[in-house]
Amino acid sequence: MNRKFYAILLVALLGMTFQAKAQCGIENTAFGSGEFLSYDLYFNWKFVWVNVGSASMSTSKSRYKGKEAYRASLITRSSEKYDKLFMLRDTLLSYTDMNLSPLYFRKGAREGDRYYVDEMWYSYPNGNCQLKQHRIEHTGEHKWKESAYKDCVYDMMSIFMRARNFDASKFKVGENIPLPISDAKHLSNSWIKYQGKDEFEIEGTKKKFRCLVFSFIEREDGHNKEIIRFYVTDDANHIPVRLDMFLKFGSAKAFLKGYKGVRSKMTSLIK
């Protein structure tokens with residue numbers, strides 16, 4: 001349950017859109033070093049929305065193998081009070097170069113008394129994208145795999161950093177965009193659909209934003225299913241402010257709680 005929810009949450013946070021190109025980098029205009037985002041997580045329990053935990057993401061300039069890089073981390077934590085209902089104890093770490101090409105990804109995820117780790121190292125021989133993948137199963141077994149792709153492939157964190165730099169003015173309502181995201185096991189068969197624009201007010205904060213709305217869709221067992229609908233600020237920052245998740249075991253939501261160190265003025269803020 002935790003793994004499915006977490007994949008959905010992350011895709012929502014990072015899965016806005018991109019177009020696959022031979023070059024995996026993109027000019028970054030959306031964020032800078034020192035940005036911090038925080039979220040409240042809610043779960044629908046017997047028709048009541050319950051605050052079950054929190055999530056936070058931070059981005060900073062760092063170094064990877066001696067070269068300047070972006071370091072991004074995301075942490076999710078559920079309240080111990082609701083662990084039997086909705087446990088989250090996950091930490092993600094990603095390094096990209098300054099053009100946002102992915103370099104390294106790690107996810108440590110706890111599911112009840114189970115804990116596993118995913119790792120991926122990226123290289124780009126002859127213009128292709130090559131992945132070295134490592135999974136530590138909850139049993140302690142180590143599994144290694146290598147995959148090569150002609151087009152760019154991303155993990156849950158690096159796609160978020162890249163996708164925040166998209167040009168929404170080029171999208172048409174109803175347009176579908178492929179979204180190749182890999183973990184240590186496989187490449188997902190998924191895409192996003194642009195739903196247009198809307199306004200959203202965060203309850204209890206009196207903050208209202210103009211938003212771009214997207215749906216994340218997966219094809220599973222021959223059927224297409226909307227997994228999540230998410231709202232991102234219609235400005236240069238493209239910060240997710242609301243996530244609606246449609247899970248097999250119920251419904252969940254995430255609302256932006258706070259932000260600091262954003263690169264550009266929040267022009268999407270109406271009040």
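Buried here means under 20% relative accessible area, exposed means over 50%, and partly exposed is in between, with a 1.4 Å probe and protein chains only. Keep that handy for the tour. What you have open is a predicted model, in which local features need pLDDT of at least 70 and side-chain atom pairs count only at pLDDT 80 or more, while totals for chains, interfaces and linings use all residues. Residues are numbered from 1 along each chain as its sequence is written, and side-chain values use heavy atoms, with hydrogens and water left out.

**Stop 1: the whole chain**

Start with a cartoon view. You should find two helices and 14 strands; these are DSSP runs numbered from the N terminus, with helices being H or I of at least four residues and strands E of at least two. Colour by burial next: of the 271 residues, 52% count as buried. The chain exposes about 13000 Å², and carbon and sulfur atoms supply 49% of that (Shrake-Rupley areas, 1.4 Å probe; for residues, only the protein chains shown count as cover). Contact means heavy atoms within 4.5 Å. Among contacts between residues at least 6 apart in sequence, 51% join residues at least 24 apart.

**Stop 2: the tryptophans**

Now show the aromatic side chains. Rings of Phe, Tyr and Trp (its six-membered ring) pair if their centres lie within 6.5 Å; planes under 30 degrees apart are stacked, over 60 edge-to-face, and the rest tilted. By this rule the count comes to 12 aromatic pairs. Select Trp121 and Trp144: this pair is stacked, at 6.0 Å centre to centre and 20° between the planes. Trp121 belongs to strand 6 (residues 114–123) and Trp144 to strand 8 (residues 142–149), so the pair ties together parts that are 23 residues apart in sequence. Switch on a surface here: Trp121 is partly exposed at 24% relative accessible area, and Trp144 is exposed at 51%.

Add Tyr64, Tyr95 and Tyr104 to the selection, and you have one aromatic cluster together with Trp121 and Trp144. Then bring in Lys132, which lies over the face of Trp121, 5.8 Å from the ring centre. (A charge sits over a ring if NZ of Lys or CZ of Arg is within 6 Å of the ring centre and within 35 degrees of the ring normal.) For another case, go to Phe36: the charged end of Lys260 sits over its ring, 5.6 Å from the centre.

**Stop 3: the core**

Which residues have the most contacts inside the largest nonpolar core? Select Met157, Ile192, Leu212, Phe214, Phe216, Phe230 and Val241; the core itself has 60 residues. A nonpolar core is a set of buried Ala, Val, Leu, Ile, Met, Phe, Trp, Tyr and Cys residues joined through side-chain atoms within 4.5 Å. Strand 11 supplies the largest share of this core, six residues. A second, separate core has six residues, among them Tyr64, Ala69, Leu103 and Tyr104.

**Stop 4: along strand 11**

Stay with Ile217, which lies in strand 11 and counts as buried at 12% relative accessibility. Draw a distance from its C-alpha to that of Ile227: the two are 10 residues apart along the chain and separated by 5.6 Å. Leaving aside neighbours within four places in sequence, Ile217 is in contact with Ser190, Trp191, Lys193, Asn224, Lys225 and Glu226.

**Stop 5: a serine tucked away**

Jump to Ser268, in the segment after strand 14 (250–260). Is Ser268 buried or exposed? Ser268 is buried, with a relative accessible area of 0%. Its side chain makes a polar contact with the side chain of Asp235, at 2.7 Å. (Such a contact is a pair of N or O atoms within 3.5 Å; within protein, one must be able to donate a hydrogen and the other to accept it, and residues adjacent in sequence count only if both atoms are side-chain atoms.) Not counting residues up to four places away in sequence, Ser268 touches Lys208, Phe209, Arg210, Thr233, Asp234 and Asp235.

**Stop 6: two loop residues**

Most residues other than glycine have a negative phi. Select Asn126, in the loop between strand 6 and strand 7 (129–136): its phi is near 55°, a positive value. Asn126 counts as exposed at 78% relative accessibility. Finish at Lys206, in the loop between strand 10 (190–202) and strand 11, where phi is near 60°, also positive. Lys206 counts as exposed at 66% relative accessibility.
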